[in-house]
Amino acid sequence: MDSITGLISFGSDSKRMQLPQVEFVDIVNLKGVETNCVSEYMQNAVDAPSIRLEGKVAEEIADLWRRLPKDLNMRCHIPPFGLRFYCNGELYLQASLCWQCDNIFGDIKGEKFSSTFNPKHRTAKKLLSLCKQMFESND
């Protein structure tokens with residue numbers, strides 16, 4: 001934990017990768033969510049449309065999340081999706097992701113973090129595909 005900024009600085013073995021087994025995952029549509037700070041999308045998305053997934057699909061998304069490869073930070077942030085991971089019936093981790101600018105912003109049990117990932121990696125592409133697929137199938 002980086003105590004100066006209050007943000008978790010991710011290395012190859014970070015808290016993000018140590019996400020415990022989850023019961024369910026919400027994929028959150030962040031279109032239309034307004035914020036003045038890119039790190040607050042998920043906090044401002046309380047009433048945003050979401051789809052709850054359980055079982056094998058939820059664990060697949062959690063596994064893809066854990067394996068997202070790190071990349072360099074860019075300066076824009078237009079997140080199409082956010083994820084909320086629940087453990088023991090409580091929100092454990094929530095984050096917005098942007099496949100255009102490689103950023104992740106969120107919190108783990110209320111502690112803010114930021115990270116980057118490689119959106120071109122097959123793991124990231126599969127995660128984005130699953131998020132899109134879930135919203136398309138529910139339109």
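How much accessible surface does the chain have, and what share of that surface belongs to carbon and sulfur atoms? In this predicted model, the accessible surface adds up to about 7,700 Å², with 47% of that belonging to carbon and sulfur atoms. As for what is tucked away, 49% of the chain's 139 residues count as buried.

On to the fold. The chain is built from three helices and six strands, and reading from the N terminus the elements come in the order β-α-β-α-β-β-β-β-α. Contacts reach well along the sequence: of those in the chain with a separation of 6 or more, 64% are between residues 24 or more positions apart.

The six strands make up an open sheet with antiparallel pairing, ordered S2-S1-S3-S4-S5-S6. Strands S2 and S6 (111-116) sit at the edges, each pairing on one side only. On average, neighbouring strands in this sheet are turned by 20° against each other, ignoring direction. At the S2 end of the sheet, S1 and S2 run antiparallel and are joined by five bridges; here Val28 stands opposite Ser50 in S2. Helix H2 lies across S1, S2, S3, S4, S5 and S6, and runs at about 105° to S2.

Then there is the packing. In soluble globular proteins, nonpolar side chains tend to be buried together. The largest nonpolar core here has 32 residues, and among these Trp65, Leu83 and Phe85 touch the most other members. Two or more residues apiece come from S1, strand S2 (50-54), helix H2 (55-66), strand S3 (81-87), strand S4 (90-97), strand S5 (103-108) and helix H3 (122-136). Of these elements, H3 gives the most, with seven residues. A second core, separate from that one, has seven residues, including Val28, Leu30, Met42 and Ala48. Val28 thus turns up twice in this account, as a member of the second core and as the residue opposite Ser50.

Lys31 is worth a look too. This residue belongs to the loop between strand S1 (24-29) and helix H1 (41-44). Is Lys31 buried or exposed? With a relative accessible area of 72%, Lys31 counts as exposed, because the cut-off for that class is over 50%. Phe81 is 50 residues away from Lys31 along the chain, yet their C-alpha atoms are separated by 7.9 Å.

Notes: Residues are numbered from 1 along each chain as its sequence is written. This is a predicted model: local features need pLDDT of at least 70, side-chain atom pairs count only at pLDDT 80 or more; totals for chains, interfaces and linings use all residues. Side-chain values use heavy atoms; hydrogens and water are left out. Helices (H or I, at least four residues) and strands (E, at least two) are DSSP runs, numbered from the N terminus. Buried means under 20% relative accessible area, exposed over 50%, partly exposed in between (1.4 Å probe, protein chains only). Contact means heavy atoms within 4.5 Å. Accessible areas come from the Shrake-Rupley method with a 1.4 Å probe; for residues, only the protein chains shown count as cover. A nonpolar core is a set of buried Ala, Val, Leu, Ile, Met, Phe, Trp, Tyr and Cys residues joined through side-chain atoms within 4.5 Å. Two strands pair if DSSP finds at least two bridges between them. Axes are lines fitted to C-alpha atoms, for helices over the stretch in contact, and angles run from 0 to 180 degrees between N-to-C directions.
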